[in-house]
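Dear colleague,

Please find below the sequence and the structure that I am handing over to you. I would ask you to look at them before you read the notes underneath.

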Amino acid sequence: MLQSTLKKAEKAKEKKALYGEDIDLEKFIKEEADEHENVTKATEVPKKVQESLLKIGVDPSEKERSGTFIQVDQSGVCTTCASESVEIMGLNVALDKYKWLKDYMWKAVAPDTDKYTAQAAIRESKEYPSGYFIRSLPDSKEIFPLQACMFIGDEQVMQTAHNIIVAEENSELHIITGCATGEDVSSALHVGVSEFYLKKGAKITFTMIHNWAEQVEVRPRTGIMVGDNATYISNYILTSPVKSIQSYPTAYCTGENSRVVFQSILGGLKDSVLDLGSRVLLEGSGSSAEMISRAVSKDQSQVYSRGHLAGRTQNVKGHLECHGLVLSDDSMIYAVPELEGSATELEMSHEAAVGKIAEEEVLYLTSRGLSEEEAASMIVRGFLSMDITGLPPELAAETKNMIDMSLKGM
Amino acid sequence: MIKLLLEITDLAVEVSGKEVLTDVDLYIDKGETHVLLGPNGAGKSTLFMTLLGFPKYKVTRGEILFKGENITNYSTTDRVRMGIGVSFQNPPAIRGVRLEDILKVESGADEDAEELDPEVMELVHKLKFDEKFLDRDVNLGFSGGEVKRSEILQLLAQKPDFIMFDEPDSGVDIENVELLAEQINILLEKDKKIGMREKSGLLITHLGYILNFVIADTAHVLMDGKIACSGNPAEILDDIRKEGFKGCVQCCKVH
Ligand SMILES: Nc1ncnc2c1ncn2[C@@H]1O[C@H](COP(=O)(O)OP(=O)(O)OP(=O)(O)O)[C@@H](O)[C@H]1O
Ligand SMILES: [Mg+2]
């Protein structure tokens, strides 16, 4: 690791994040990277891990998948790849294999962003780089997705991961990733740093399902560099309780005609505090962004749905949309859409609405024989189940099923 | 004692603190089809919503018996599960809830079922819808005629014993009125001999055009929250066509 990176990280060790409750990192255990055994196939990972995988769209049978990466706590336990078009491996392996990779480290996410990135950077330099490396080769198009999973299996651990995803020129790459926690884990912390690099004409779709345990704290940090004519599409789904999650991925649309889509489905349950946003900086001529979120708050949950769209050059356009349904008096949705224009000739808009379920709609469904609860649940699921765009047809159908499955409990 | 399917006695209903229906008596027997006429604002839809048990409509007097049971305080869900069905005048659009989702519930299929019953699919086609249409959010952007057809389709899947139709023909072109009438006749078992019919209906219409295709047994005129007169549908409609509801006002005074 570059000395300058480490130095920055050291300085930011105590730096609180801008959003989200501050977490005492000392509370957590730093497990070694060889704590869990390696396997050669996803079906060989422990049963308890496999059961959680299915809930987050990661299929242990690896059917219709081009490759798999599974990390348990700090250990990368399984890496497989069945495609010539893509590469997937532990970041440590990739750093040995590709000397150039170090130039992609900490370029889309600054190591001194806050104490969490600092922690990940310091740990990576002292111990062993955890996380994955994914790359699609130039001009390739792999329609089967790669799947990656971050799993927390042990109590009190601090899981850190550094993921680097590179889509080479004119390649198309689909990724399904999920995060989950073992049934017996009550408390843990996940810090995931993900850096995406999309070269000219590349396309990445990144679908992520989170299914943490009720006492887990989560602080992902994500940066996306989008080159000329490249497209990045993110679908994020969280409909299970978590202690707190705070994340604000930032996409840098520096390329000409680059395009970014963020779609999020957020279900606040129990005491969860969700603070999730997305930010797009439109810096390339002709670049565009769409950010759409649907949030529901139940029980005592608090949901912050943030969005920041910045137009910094001419001829860019973007739309930001957050819709929320507040389902209990003890819960809260706080929608913060921000638009920033610092050039002429731009077209940016936002739309935010927070409300309750329309009684008229519930009544309509009860007049078809549903109970009030069934009717409300059907309306909530309908509200959250947005159409996901940009996926190949087979994957779109599967993603739809994944979403439907995630919405069952809502 | 002979029990009628629906017995409404001395019913008074308040909406947002205003009495909209007063002294309504209405009896509908198994196999009968009644028509409800009356000027705008008379309280026709209010009567429907009250029979359905929508919470805004407060029964301040009287009672509603259905299948011999006093349902005056029952929830909408319970009433519908007992066999009451309705097609709405202006149903709400629900974003994200597809017509297919509702049809699944109505036809008793599992919500997770991949496909609709072939029987229901047949109905879908009969009402000139296709698979693509089933995927649409219910009532969202539906044309006037599509709304009415979708309402009737849902009733066909539901098979209620007592069906209320709120202006099934308004805003519908002639060809589609015939199509809807045909399906309403099926719902009300008009193909069976009078004595053999089990299903009953109450139909609101303004122009009465649909009555050219759906034979009704009795008509009632609702004026200002009261039933002004009841009788032969053809005669009453004829009077209304000739003199408007003026004549009914006089009737009201006589009663
Ligand atoms: N929610 C409400 N709040 C206040 N007044 C209401 C409400 N619903 C109905 N009303 C009033 O009750 C009266 C009857 O309305 P209703 O909709 O039952 O009439 P209708 O006979 O169905 O008329 P139309 O032929 O126009 O459909 C009207 O004066 C109407 O304004
Ligand atoms: Mg009406």
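The notes below concern the two domains of chain A and the contact between them.

This is a predicted model, in which local features need pLDDT of at least 70 and side-chain atom pairs count only at pLDDT 80 or more, while totals for chains, interfaces and linings use all residues. Residues are numbered from 1 along each chain as its sequence is written, chains are lettered from A and ligands numbered from 1 in the order in which they are written, and side-chain values use heavy atoms, with hydrogens and water left out.

The domain assignment (bounds from an automatic or database assignment) divides chain A into domain 1 (3-18 + 36-358) and domain 2 (359-410). Their contact (heavy atoms within 4.5 Å) takes 34 residues from domain 1 of chain A and 27 residues from domain 2 of chain A. The C-alpha centres of these two domains lie 24 Å apart.

Together the domains bury about 2400 Å², 72% of it on carbon and sulfur atoms. Buried area is the accessible area (1.4 Å probe) that two parts lose on being put together, summed over both. In domain 1 of chain A, the residues losing the most area to domain 2 are A:I265, A:I357 and A:A358, together 22% of what that side buries.

Between the domains the count is one salt bridge (a side-chain nitrogen of Lys or Arg within 4 Å of a carboxyl oxygen of Asp or Glu). A:E398 and A:R65 form a salt bridge, with their closest N and O atoms 2.6 Å apart.

Yours sincerely
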